[in-house]
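Visitor: I'd like a close look at one part of this protein, please. Pull it up and walk me through the details.

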Amino acid sequence: MADEIVLLSTWPSMFGMRVRVALAEKGLKYEYREEDLGNKSPLLLLMNPVHKKIPVLIHNGKPISESMIIVEYIDEVWNHKSPLLPTDPFQRAQARFWADYVDKKLYDIGKKIIWSTKEEEQETGKKEFLECLKLLEGELGDNPYFGGENFGFVDVSLVTFSCLFHTFESYGNFSIETECPKLVAWTKRCLEKESVSSSLADPHKIHDFASGVRKRLGIE
């Protein structure tokens with residue numbers, strides 16, 4: 001019996017894109033359902049009653065929530081192809097650490113750049129954001145991927161943020177390529193993979209989406 005896989009998400013969600021990348025890496029077919037977060041579906045509320053957030057992966061009727069938990073689940077269940085986490089326990093722990101760092105740092109700091117109405121707060125956000133990227137660039141080093149020679153768990157966690165780079169640069173008035181050239185080269189390398197390029201949203205569409213939200217909020 002074939003696996004029934006359903007993904008609940010929204011097209012601009014970098015967290016949903018992570019799940020798409022992982023599913024594509026494994027070569028899995030699935031049903032995608034676009035959610036309206038202003039009018040959440042009964043299925044989303046049923047499948048994620050605690051947080052009521054996307055993404056949610058439904059595998060044979062069972063829900064899994066939180067993007068990197070979903071990615072790890074996908075890697076464990078469909079372990080026949082394209083492993084995302086290393087087999088060595090220490091390396092696995094390191095990968096989880098850096099993925100957690102991306103989640104706890106980049107998203108909240110990035111929000112200051114895009115949504116803040118105060119110039120001082122935006123400048124602070126920009127400084128902190130670039131510090132985070134430079135730290136991640138140092139962790140990448142001269143490796144092609146964060147997982148070394150192979151695309152892996154940390155790459156999945158971070159690469160979807162690249163969709164927002166254009167938006168960050170536009171509102172923050174800075175160049176990520178100037179500040180972090182190796183990280184931008186890594187992004188371009190990841191985008192050469194079909195699993196990534198087919199799963200990520202167009203950066204200009206993301207910018208237009210953010211601009212629309214800013215206008216509705218009275219920020220611009």
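Which residue in β4 does H59 stand opposite?

Guide: Happy to zoom in, with one caveat: this is a predicted model. H59 stands opposite K62 in β4. Those two residues belong to a strand pairing: β3, residues 56-59, runs antiparallel to β4, and the two are joined over four bridges.

Step back a little and you get the sheet they sit in. It's an open sheet of four strands in the order β2-β1-β3-β4, and the pairing is mixed. On the outside are β2 (31-34) and β4 (62-65), the edge strands, each of which pairs on one side only. If you ignore direction, neighbouring strands are turned against each other by 20° on average. So much for the strands themselves.

Now for what packs on the sheet. Helix α1 lies across β1 (5-9), β2 and β3. Relative to β1, α1 runs at about 155°.

Stay with that helix for a moment, since α1 (residues 14-25) contains F15, which pairs with Y107 in helix α4 (residues 89-115). The two partners are 92 residues apart, and the pair links distant parts of the chain. As for geometry, a pair of aromatic rings is described by the distance of the centres and the angle of the planes. Here the centres of F15 and Y107 are 5.1 Å apart and the planes make 70°. The pair counts as edge-to-face because that label applies to planes over 60 degrees apart. Y107 isn't fully tucked away, either: its relative accessible area is 32%, so it's classed as partly exposed. There's a third ring in the group too, as ring pairs link F15, Y107 and F161 into a cluster. Across the whole structure you'll find 10 aromatic pairs.

Rings also meet charges in this model. R20 lies over the face of Y32, 4.1 Å from the ring centre. Elsewhere, R214 does the equivalent with Y171, at 3.9 Å from the ring centre.

Finally, the wider setting. The protein has 11 helices and four strands. Its radius of gyration is 17 Å, close to the 17 Å that the globule rule gives for 220 residues, so it is as compact as a globular protein of that length. Along the principal axes, the C-alpha atoms fill a box of roughly 55 × 45 × 30 Å. Of the 220 residues, 48% count as buried. And if you take contacts between residues at least 6 apart in sequence, 69% of them join residues at least 24 apart.

Methods. Residues are numbered from 1 along each chain as its sequence is written. This is a predicted model: local features need pLDDT of at least 70, side-chain atom pairs count only at pLDDT 80 or more; totals for chains, interfaces and linings use all residues. Side-chain values use heavy atoms; hydrogens and water are left out. Rings of Phe, Tyr and Trp (its six-membered ring) pair if their centres lie within 6.5 Å; planes under 30 degrees apart count as stacked, over 60 as edge-to-face and the rest as tilted. Buried means under 20% relative accessible area, exposed over 50%, partly exposed in between (1.4 Å probe, protein chains only). A charge sits over a ring if NZ of Lys or CZ of Arg is within 6 Å of the ring centre and within 35 degrees of the ring normal. Two strands pair if DSSP finds at least two bridges between them. Axes are lines fitted to C-alpha atoms, for helices over the stretch in contact, and angles run from 0 to 180 degrees between N-to-C directions. Contact means heavy atoms within 4.5 Å. The radius of gyration is taken over C-alpha atoms; the globule rule is 2.2 Å times the number of residues to the power 0.38.
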